[in-house]
Amino acid sequence: MTTFEQIVEMFETLAAEELTVWIECGWVRPDANDGDYRFSDTDVARVRLIWELQYELDIHRDTLPTVLSLLDQVYGLRHQLRHLTAAVAAQSPAVREEIARALETGQD
């Protein structure tokens, strides 16, 4: 786990106040104990993503919630697709062939 202070040190242009805003907005959700935040590897990756969007890609703060929501949806869909792919792979060859034919013909 990474501390709040370590996160701020990782990103030279990230002020503690800015990170606090991101947490308050719910863009990053670290574990909190008595006001002491602990960031998982996933949280650190999320901070890096927000930092890159805001400081490297110059995405305006007002736009970030929309961009983050869309990215979260894409990640969620990718997760569901992995599960679907695994479920299809677990089927018999005949069932997989039937699914492939249905996809080729555009059947729902």
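Which helix gives the largest share of the lining of the largest pocket? In this predicted model, the answer is helix α3, spanning residues 41-56, which contributes five residues to that lining.

**The largest pocket**

The volume of the largest pocket is about 150 Å³. Its lining is made up of W27, V28, R29, T42, D43, A45, R46, L49 and Y75. By residue class, five of the lining residues are nonpolar, one is polar and three are charged.

**Salt bridges**

In the whole structure, four salt bridges are found. Side chains of opposite charge can pair when their charged atoms come close. The table gives three pairs, among them one with a residue of the pocket lining, R46.

| Pair | N to O distance | Relative accessible area |
|---|---|---|
| R38 and D36 | 3.3 Å | R38 31%, D36 32% |
| R46 and D72 | 2.6 Å | R46 19%, D72 35% |
| R101 and E98 | 2.8 Å | R101 42%, E98 45% |

The side chains of R46 and D72 form a salt bridge with N and O 2.6 Å apart. This pair joins distant parts of the chain, since R46 lies in helix α3 and D72 in helix α4 (residues 64-89), with their positions 26 residues apart in numbering. R46 counts as buried because its relative accessible area of 19% falls under the 20% cut-off. Its partner D72, at 35%, is partly exposed.

The bridge between R101 and E98 lies within one helix: the two residues are three apart in helix α5, and therefore about one helical turn separates them. Here both partners are partly exposed, R101 with a relative accessible area of 42% and E98 with 45%.

In the remaining tabulated pair, R38 meets D36 with the closest N and O atoms 3.3 Å apart. R38 is partly exposed at 31% relative accessibility, and D36 is also partly exposed, at 32%.

**A nonpolar surface patch**

Which residues form a nonpolar patch on the surface? The patch consists of V95, I99 and L103, and together these residues have about 250 Å² of accessible area. V95 belongs to helix α5, which covers residues 93-105. With a relative accessible area of 33%, V95 is partly exposed, so this residue passes the requirement of over 30% for patch members. Helix α5 thus holds V95 of the patch as well as the salt-bridged residues R101 and E98.

Technical notes: Residues are numbered from 1 along each chain as its sequence is written. This is a predicted model: local features need pLDDT of at least 70, side-chain atom pairs count only at pLDDT 80 or more; totals for chains, interfaces and linings use all residues. Side-chain values use heavy atoms; hydrogens and water are left out. On a 1 Å grid over the protein atoms alone, a cavity is a set of points where a 1.4 Å probe fits but cannot get out, and a pocket is an open set with protein on both sides within 12 Å along at least five of seven lines; lining residues have an atom within 4 Å of a point. Grid points are joined across faces, edges and corners, and a volume is the space filled by probe spheres set on the points. Helices (H or I, at least four residues) and strands (E, at least two) are DSSP runs, numbered from the N terminus. Ala, Val, Leu, Ile, Met, Phe, Trp, Tyr, Cys and Pro count as nonpolar, Asp, Glu, Lys and Arg as charged, and the others, Gly among them, as polar. Patches are made of residues with over 30% relative accessible area and no salt bridge: like charges are joined within 9 Å, nonpolar side chains (Val, Leu, Ile, Met, Phe, Trp, Tyr) within 5 Å. Accessible areas come from the Shrake-Rupley method with a 1.4 Å probe; for residues, only the protein chains shown count as cover. Buried means under 20% relative accessible area, exposed over 50%, partly exposed in between (1.4 Å probe, protein chains only).
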